[in-house]
Amino acid sequence: MADSTALVEGHRCRERGDGRAAAIWYQRAVGFAPGNVEAWVALGDVAADSGRNRLAALHYRRAVRLEPASSLWRRLQAAAWCRAGDAVAAAALLQGLLGERPDDIEALRLLADAWRQMGRNTEALGCYRELLGLDPDPGRDAGAVPLAFAELAIGEGDPLAAIEALEPLLARRCLPATAWLTLARAWAAVGDTIKTRDAVTRYHRDGGDPAAAAAAGDAIAAVLAKADSGLAPAYVRALFDRYADRFDHDLVGTLHYQVPALLVGALTTRLDGRRDLRVLDLGCGTGLAGAAVRPLARVLSGIDLSPRMIDKARQRAIYDALAVGDLQEGLAGAAIWDLILAADVLVYLGDLTPVFAGVARALAPGGLFAGTVERLDAAAGWQLGESRRFAHSVAHLRQAAAAAGLDLADPAPIVPRHDRGQPVSGWLFVAAAR
Ligand SMILES: C[S@@+](CC[C@H](N)C(=O)[O-])C[C@H]1O[C@@H](n2cnc3c(N)ncnc32)[C@H](O)[C@@H]1O
């Protein structure tokens, strides 16, 4: 009997669903002709059919040795290693393959899965990101690549990347309804309750399974419960890291940012010519407000969540000290500050009570806290707007200042900036430590 006959018999058995008999025929085929690549691959396939992935990988390896140039056999072997739980072996194979053919999309998909399996999430995200750029059909396999990317990005604290990947594909209707739930989780991680609820509504409207929505709902509800305190720091950091290069140009040029000049104007009347202040600039960004108050300062320190904004501030060479961190960390030290600034930063926070309390602890006696907020006229203390910035009521400023023991002067109505061509209404406030 020839190896080709054994191979045909094997295929017949496999078609009938008799994998064991098929394997016996394929073994005969390689017994007759150890150089028969098709028989080794068939042996690998029946082993994989029955979940014996390690054995499958070894059979595919024989095919690879016989035809080393075949990327298909190498991918089959790598996929089998992955399924067998040996992602290290899979990744090594796939890296070799991609070294020869960087545009092998299938190999890149497998490598992304292998990195993910190994917990090397940065490498996995890099592969998925490359795939999103390369793959002409990101919706195939029920959107497996964009969904895997989004889940990983949310897990790694970059929900904005997940949103950027999912939203255009959802708009083009390339993804299954379940992607709306992933988007909802990403918006929940950002802390945007409105967008989160919108995404859940779209999930139901697109015929999503209510049971899956209920399961995801708990996770979303838990995140939303925290969202009122402000936008997630990871989101704010990612937003401003991306924005840093354009920030000064956009804010001053396009958005007519007025806050630095308005703050200095309000402070000058209260400072009686003092130019020896120790100043802490909360959410200092690139240093636009810092530059305006520098002439009043003996010491100027800044803190900001975004490392890229801090880099820009450093280039300005006006700060004595700069730190990357949450503004509450900047308030944690001794009570040494004569002036604490919050120029257009409180819009990323909901409840301002903890900030006023931290400021009250960090101000020297008689020190001033000067800042701006966007204006809310509703009865609520604060509210997240469409622009994903919070607005605050005067009542809330008064309540937060009183709770902290700071004396708040009547806030002044201002236009801190424009948004989409329209002036934004805001309040400028100055509060004093006793
Ligand atoms: C609109 S910019 C204003 C920058 C600067 N104050 C100015 O007037 O040009 C807001 C800045 O606040 C920072 N920020 C937002 N939330 C923060 C927080 N909780 N702690 C520290 N920085 C924060 C952002 O990273 C961003 O650089």
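Helices α11 and α12 run roughly antiparallel to each other in this predicted model, because their packing angle of about 170° falls in the range over 145 degrees that counts as roughly antiparallel. The two axes lie 8 Å apart, with α11 covering residues 178–190 and α12 covering residues 193–205. On the α11 side, the contact is made by T178, W180, L181, L183, A184, W187 and A188. Helix α12 contributes K195, T196, A199, V200, R202 and Y203. Sorted by class, this contact comprises 9 nonpolar, 2 polar and 2 charged residues.

L183 belongs to this helix pair and can be followed further. Leaving aside neighbours within four places in sequence, L183 is in contact with A199, and also with I163, L166, E167 and L170. L183 is also among the residues with the most contacts inside the largest nonpolar core, together with Y128, L231, V279, L339 and L341. That core has 123 residues. Helix α3, residues 37–49, gives the most to the core, with 9 residues. Both domain 1 (3–186) and domain 2 (233–432) supply at least three residues each to this core. Apart from it lies another core of 29 residues, including A401, W427, F429 and A431. In soluble globular proteins, nonpolar side chains tend to be buried together.

The last stop is A23, in helix α2, which spans residues 19–32. A23 has a relative accessibility of 23% and therefore counts as partly exposed. Not counting residues up to four places away in sequence, A23 touches L43 and V46. A23 and L43 are 20 residues apart along the chain, yet their C-alpha atoms are separated by 6.0 Å.

Technical notes:
Residues numbered from 1 in each chain as written. Predicted model: local features only at pLDDT ≥ 70, side-chain atom pairs only at ≥ 80, totals over all residues. Heavy atoms only, no water. Helix = DSSP H or I, 4+ residues; strand = E, 2+ residues; numbered from the N terminus. Buried < 20%, exposed > 50% of the residue type's maximum accessible area, 1.4 Å probe, protein only. Contact = heavy atoms within 4.5 Å. Core = buried A, V, L, I, M, F, W, Y, C linked by side-chain atoms within 4.5 Å. Domains from an automatic or database assignment. Axes fitted to C-alpha atoms, helices over the stretch in contact; angles between N-to-C directions. Parallel < 35°, antiparallel > 145°, perpendicular 65-115°, else oblique. Nonpolar A, V, L, I, M, F, W, Y, C, P; charged D, E, K, R; others polar.
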